[in-house]
Amino acid sequence: MRSITAPFLVAPPTGARVQTRLRPSSHDAAVLHLVGEYLGGLASADLARRCAVGAGADGRTGRKRALTVQSSSRWAGAITRTSNDQWQRGWRNLLDARAGLRRTIKAIEQRLAVPVGGRRGRTRGYATRPERWAKQQRLQRLQASLARVERRLAEGRVSVCRGGRRLARL
């Protein structure tokens, strides 16, 4: 039999975080801007290619080889990995949207099954006819939205927007 050892605490991380800020000259800043635009264009094109591939094999090897011709292998790897991560996040967002729509639809349908002002078990019907009518309209919109999400999932089509956070702020 093994002996039981005494519990122990792990020491907190040691070290310091160093933050530096580049202070490039105007010439260096112009070069960095051009490199950023060029790599950003490559990243946008690769993301469009990844979204066109859809679900299944992502074709990363071929995309990386094509990008390596236009940049370095290291940049190509980073760009393709980022594109795959963005596509997967979009796919998970679609799956979450479908789950949320299904939950909402189920809840509304359960309440619509009960007469106005009535109760069936723990489920309560809507209080008034106008409220019930509004929920019926909302249910139709949610079902249409669910159909769109299901169609996009079946096609493997994901919407990904580069620079979305900055665009949202604007």
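Which residue follows helix 1, and what is the sign of its phi? Helix 1 is followed by Gly-54, whose phi is positive, near 80°. This is a predicted model. The briefing below covers helix 1, its buried residue Arg-50, and the salt bridges, of which the count comes to 6.

**Helix 1: span and packing**

- The end C-alpha atoms of helix 1 lie 41 Å apart, which agrees with the 40 Å that its 28 residues should span at 1.5 Å a residue.
- Eight positions can be listed as the buried residues of this helix: Leu-39, Gly-40, Leu-42, Ala-43, Asp-46, Leu-47, Arg-50 and Cys-51.
- These buried residues pack against helix 2 (60–70) and helix 3 (73–112).

**Arg-50: a buried charge without a salt bridge**

- Arg-50 belongs to helix 1, which comprises residues 26–53.
- Although Arg-50 is buried, it has no salt bridge.
- The nearest side chain of opposite charge is that of Asp-58, at 4.8 Å; a salt bridge requires a side-chain nitrogen of Lys or Arg within 4 Å of a carboxyl oxygen of Asp or Glu, so this pair does not qualify.
- When neighbours within four places in sequence are left aside, Arg-50 is in contact with Asp-58, Arg-63, Ser-83, Asn-84 and Trp-87.

**Glu-150: salt bridges between helix 3 and helix 4**

- Glu-150 forms a salt bridge with Arg-98, with the closest N and O atoms 3.6 Å apart.
- This pair links distant parts of the chain, as Glu-150 is in helix 4 (residues 129–155) and Arg-98 in helix 3, 52 residues apart.
- Glu-150 also forms a salt bridge with Arg-102, where the closest N and O atoms are 2.6 Å apart.
- Here too the pair links distant parts of the chain: Arg-102 lies in helix 3 and Glu-150 in helix 4, 48 residues apart.
- Glu-150 is partly exposed, with a relative accessible area of 26%.
- Arg-98 is likewise partly exposed, at 22% relative accessible area, and Arg-102 is partly exposed at 43%.

**Other salt bridges**

- Arg-157 forms a salt bridge with Glu-155, the closest N and O atoms being 3.5 Å apart.
- Salt bridges that share partners also join Asp-46, Arg-49 and Arg-63 into one network.
- In the pair of Arg-157 and Glu-155, Arg-157 is partly exposed, with a relative accessible area of 46%, and Glu-155 is partly exposed, with a value of 48%.

How values were computed: Residues are numbered from 1 along each chain as its sequence is written. This is a predicted model: local features need pLDDT of at least 70, side-chain atom pairs count only at pLDDT 80 or more; totals for chains, interfaces and linings use all residues. Side-chain values use heavy atoms; hydrogens and water are left out. Helices (H or I, at least four residues) and strands (E, at least two) are DSSP runs, numbered from the N terminus. Buried means under 20% relative accessible area, exposed over 50%, partly exposed in between (1.4 Å probe, protein chains only). Lys and Arg count as positive and Asp and Glu as negative; His and the chain ends are not counted. Contact means heavy atoms within 4.5 Å. The expected span of a helix is 1.5 Å times one less than its number of residues.
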